[in-house]
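Here is a quick tour for anyone opening this one for the first time. Have a look around, then read on.

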Amino acid sequence: MIGGGSVANRKVKKLLSASAKVTVVAPELHSELEPLYTNGKIHWLKESCKPKHLTSAFMVISASGNKEAQHIINSTVAPHQLVNGADNPSIGNIAFPASFEEEDYHIAISTKGKNPSAAKKLKQQLQKWFHPREQ
Ligand SMILES: C[C@@]1(CC(=O)O)C2=NC(=C\c3[nH]c(c(CCC(=O)O)c3CC(=O)O)Cc3[nH]c(c(CC(=O)O)c3CCC(=O)O)/C=C3\N/C(=C\2)[C@@H](CCC(=O)O)[C@]3(C)CC(=O)O)/[C@H]1CCC(=O)O
Ligand SMILES: NC(=O)c1ccc[n+]([C@@H]2O[C@H](COP(=O)([O-])OP(=O)(O)OC[C@H]3O[C@@H](n4cnc5c(N)ncnc54)[C@H](O)[C@@H]3O)[C@@H](O)[C@H]2O)c1
């Protein structure tokens, strides 16, 4: 995870729920990620992004908003690596959908990268549809 701010915070939690081994590379860490670091749930390299951070990663997430870091990612990753351009979709080859789980379902909504807020709204509508009495 390149970047440790609010976008990284959301994505790290999704990745941990999928049992990923997460390393955050960022000079600063979001306050909600600090306890995960202290408790050994994630690794944290308190550095700016460098090519050496990327070579052994299965998935690289660009979430710093920093142009230099985006350039390093774009020019370093190999074709077989998964790259999520959370701060710049043009450098990525995968995107996170809005998603939620119900007992027998895992529902994911994507707008093909075009309108993440609309994906979130549709997710919330579907959650209400599953639990109409909780509104
Ligand atoms: C669905 C969700 C999943 C998740 O993140 O887990 C997700 N974004 C969410 C929320 C959200 N994202 C943004 C806002 C503020 C919007 C506003 O202010 O209007 C909010 C709303 C909020 O935060 O409340 C802004 C934004 N998002 C991207 C850019 C970059 C760009 O477009 O250039 C910018 C502009 C940055 C800027 O310019 O500032 C890019 C991507 N965001 C995606 C996914 C992928 C496409 C998904 C699809 O196909 O629909 C993609 C392509 C890459 C990726 O991130 O994988 C999650 C909902 C979580 C939930 O369910 O609650
Ligand atoms: N995909 C999405 O859902 C979504 C949603 C909102 C915003 N964004 C975009 O994502 C980016 C990050 O947003 P944020 O709110 O998390 O920002 P933020 O300012 O909270 O966090 C930025 C993080 O990146 C780190 N950073 C800065 N330069 C770095 C470098 N060279 N190498 C490594 N880490 C570095 C900072 O230390 C910090 O931890 C912005 O460009 C924003 O426009 C994406």
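Let's start with helix α1, keeping in mind that this is a predicted model. The helix has 12 residues and stretches 17 Å from its first C-alpha to its last, which is close to the 16 Å expected at 1.5 Å a residue. Right after α1 comes Ser19, and its phi is positive, near 65°.

Now zoom out a bit. The protein splits into domain 1, covering 6–91, and domain 2, covering 98–134. Taken over C-alpha atoms, the centres of domain 1 and domain 2 sit 25 Å apart.

Next, the ligands. Here are their shells side by side:

| Ligand | Residues in the shell | Nonpolar | Polar | Charged |
|---|---|---|---|---|
| Ligand 1 | 19 residues | eight nonpolar | five polar | six charged |
| Ligand 2 | 22 residues | 11 nonpolar | eight polar | three charged |

Take ligand 2 to begin with. The closest residues around ligand 2 are Gly3, Gly4, Gly5, Val7 and Gly65. Two elements give two or more residues to this shell: α1, which runs over 6–17, and α3, which runs over 67–76. The largest share of the ligand 2 shell is the three residues that come from α1.

On to ligand 1. Closest to ligand 1 are Ala86, Phe96, Ala98, Thr111 and Pro116. The elements that supply two or more residues to the ligand 1 shell are α1 and α4, the latter spanning 116–130. Helix α4 gives the most here, with five residues.

Where does ligand 1 lie with respect to domain 1 and domain 2? Both domain 1 and domain 2 give residues to the shell around ligand 1, so the ligand lies between them.

Let's finish with a single residue, Ser117, which you'll find in helix α4. Is Ser117 buried or exposed? There are 9 other C-beta atoms within 10 Å of Ser117, and a residue counts as exposed at 12 or fewer, so Ser117 is exposed. You can also pair Ser117 with Ala98: the two are 19 residues apart in sequence, and their C-alpha atoms are 9.1 Å apart in space. Ala98, you may recall, is one of the closest residues to ligand 1.

Key. Residues numbered from 1 in each chain as written. Chains lettered and ligands numbered in written order. Predicted model: local features only at pLDDT ≥ 70, side-chain atom pairs only at ≥ 80, totals over all residues. Near = placed C-beta within 6 Å. Helix = DSSP H or I, 4+ residues; strand = E, 2+ residues; numbered from the N terminus. Nonpolar A, V, L, I, M, F, W, Y, C, P; charged D, E, K, R; others polar. Domains from an automatic or database assignment. Buried ≥ 20, exposed ≤ 12 C-beta atoms within 10 Å, placed from the backbone. Expected span 1.5 Å × (residues − 1).
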